[in-house]
Amino acid sequence: MVDRDGAHEGQCRCGQVRFRVRGAPIITMACHCMGCQRMTASAFSLSVLYPSHDFEVLEGEPTIGGLHGATRHFFCPHCMSWLFTRPEGMDEFVNVRTTMLEDPSRFVPFVETWTAEALPWAKTPAVHSFERLPPMERYPELAAEFAQRFL
C-alpha cells in the first residue's frame, strides 16, 4: 500500500543530493529498455511518477546525464546516482527512481514497459506489461486503476 498523503524523502548514494515527494504517486513502473538497463547496470529501472509540484530538491544540485536529450535524466554530480527523470514534453511530471527513496519496498511496480527488450529471466510483479510504452490514451485508465488498487 502506498501512502496517499505522506511525504517520502530520498537521496543519492553519497547523500549530497536529497529530495522529497509529497502525496500520492500517479503510478509505479519498471522499465526493461536497453537504455535503462545500461544506466542502472541492472535488468530494469524502477520508478514512481509524481506531479512536479509534489517534488522538491532539498539539498544539492542534480546534473543532467544519460543521453542529454529532450528527456532529461538527473544524477548526483558526485556519486553519479540516477535520481529522477523529466520526461520529454511532460514538465508537469517527474519520474523518481524508486530505489532512491527511503523505503522503496512500498512502491511495487504496477506497469512494466519495454518488455520486448527485457532480459529473459528479469521478472516483476507488475499487473500490466507492454512490449514498448503504453499508448498515451491508456495512461489515465492505468493511473485510475493504480489509485484504486494501491492508494
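Is Arg 149 buried, exposed or partly exposed? I open with that residue because Arg 149 is partly exposed, with a relative accessible area of 48%. Good morning, colleagues. Please keep in mind throughout that the structure before you is a predicted model.

Let me stay with Arg 149 for a moment. Its side chain meets that of Glu 145 in a salt bridge, with 3.0 Å from N to O. Both residues belong to helix H2, which covers residues 139-150, and they stand four residues apart, so about one helical turn separates them. The partner has another setting: Glu 145 is buried, at 19% relative accessible area. That value falls under the 20% that marks a buried residue.

I turn now to the other salt bridges. The structure holds eight of them. As a general matter, side chains of opposite charge can pair when their charged atoms come close. One of the eight joins Arg 20 to Glu 56, with the closest N and O atoms 3.1 Å apart. Arg 20 lies in strand E2, residues 18-22, and Glu 56 in strand E5, residues 55-59; the pair therefore ties together parts that are 36 residues apart in sequence. Glu 56 is partly exposed, its relative accessible area being 32%.

A further salt bridge is formed by Arg 72 and Asp 91, whose closest N and O atoms are 2.6 Å apart. This pair, too, links distant parts of the chain. Arg 72 is in strand E7, residues 72-75, whereas Asp 91 is in the loop between E8 and strand E9, 19 residues away. Both partners are partly exposed: Arg 72 has a relative accessible area of 24%, and Asp 91 has 49%.

Which residues are joined into one network by salt bridges that share partners? They are Glu 9, Arg 18, Arg 20, Arg 22, Glu 56 and Glu 59. The pair of Arg 20 and Glu 56, described a moment ago, thus has both its members in that network.

My next topic is the aromatic residues. The structure holds seven aromatic pairs. In one of them, the rings of Phe 75 and Trp 82 have their centres 6.2 Å apart and their planes at 15 degrees, so the pair is stacked. The cut-off behind that word is an angle under 30 degrees between the planes. Phe 75 and Trp 82 are both buried. Elsewhere, ring pairs connect Phe 19, Phe 55, Phe 74 and Phe 84 into a cluster.

Trp 82 has further partners. The charged end of Arg 97 sits over the ring of Trp 82, at 3.9 Å from its centre. In addition, the side chains of Trp 82 and Thr 85 are joined by a polar contact of 3.2 Å.

That contact brings us to Thr 85, which is placed in strand E8, residues 82-86. Thr 85 is buried, with a relative accessible area of 5%. What does Thr 85 touch, leaving aside residues up to four places away in sequence? The residues are Thr 71, Arg 72, His 73, Val 94, Asn 95 and Arg 97. Two of these names have come up already: Arg 72, from the salt bridge with Asp 91, and Arg 97, from the ring of Trp 82.

I come to the strands. Strand E4, residues 45-51, is mostly covered, as six of its seven residues are buried. Strand E3, residues 27-31, runs antiparallel to E4, and five bridges join the two. Within that pairing, Thr 28 has Val 48 of E4 as its bridge partner. E4 also pairs with E9 in the antiparallel sense, over five bridges. There, the bridge partner of Tyr 50 is Val 94 in E9, and Val 94 was among the residues that Thr 85 touches.

Finally, two loop residues deserve a word on their backbone angles. Ala 41 is not a glycine, yet its phi is positive, at about 55 degrees. Ala 41 is found in the loop between helix H1 and E4, and this residue is exposed, with 74% relative accessible area. His 68 likewise has a positive phi, near 60 degrees, in a residue other than glycine. Its place is the loop between strand E6 and E7, and at 57% relative accessibility His 68 counts as exposed.

With that, I thank you for your attention.

Methods:
Residues are numbered from 1 along each chain as its sequence is written. This is a predicted model: local features need pLDDT of at least 70, side-chain atom pairs count only at pLDDT 80 or more; totals for chains, interfaces and linings use all residues. Side-chain values use heavy atoms; hydrogens and water are left out. Rings of Phe, Tyr and Trp (its six-membered ring) pair if their centres lie within 6.5 Å; planes under 30 degrees apart count as stacked, over 60 as edge-to-face and the rest as tilted. Buried means under 20% relative accessible area, exposed over 50%, partly exposed in between (1.4 Å probe, protein chains only). A charge sits over a ring if NZ of Lys or CZ of Arg is within 6 Å of the ring centre and within 35 degrees of the ring normal. A polar contact is a pair of N or O atoms within 3.5 Å; within protein, one must be able to donate a hydrogen and the other to accept it, and residues adjacent in sequence count only if both atoms are side-chain atoms. Contact means heavy atoms within 4.5 Å. A salt bridge is a side-chain nitrogen of Lys or Arg within 4 Å of a carboxyl oxygen of Asp or Glu. Two strands pair if DSSP finds at least two bridges between them.
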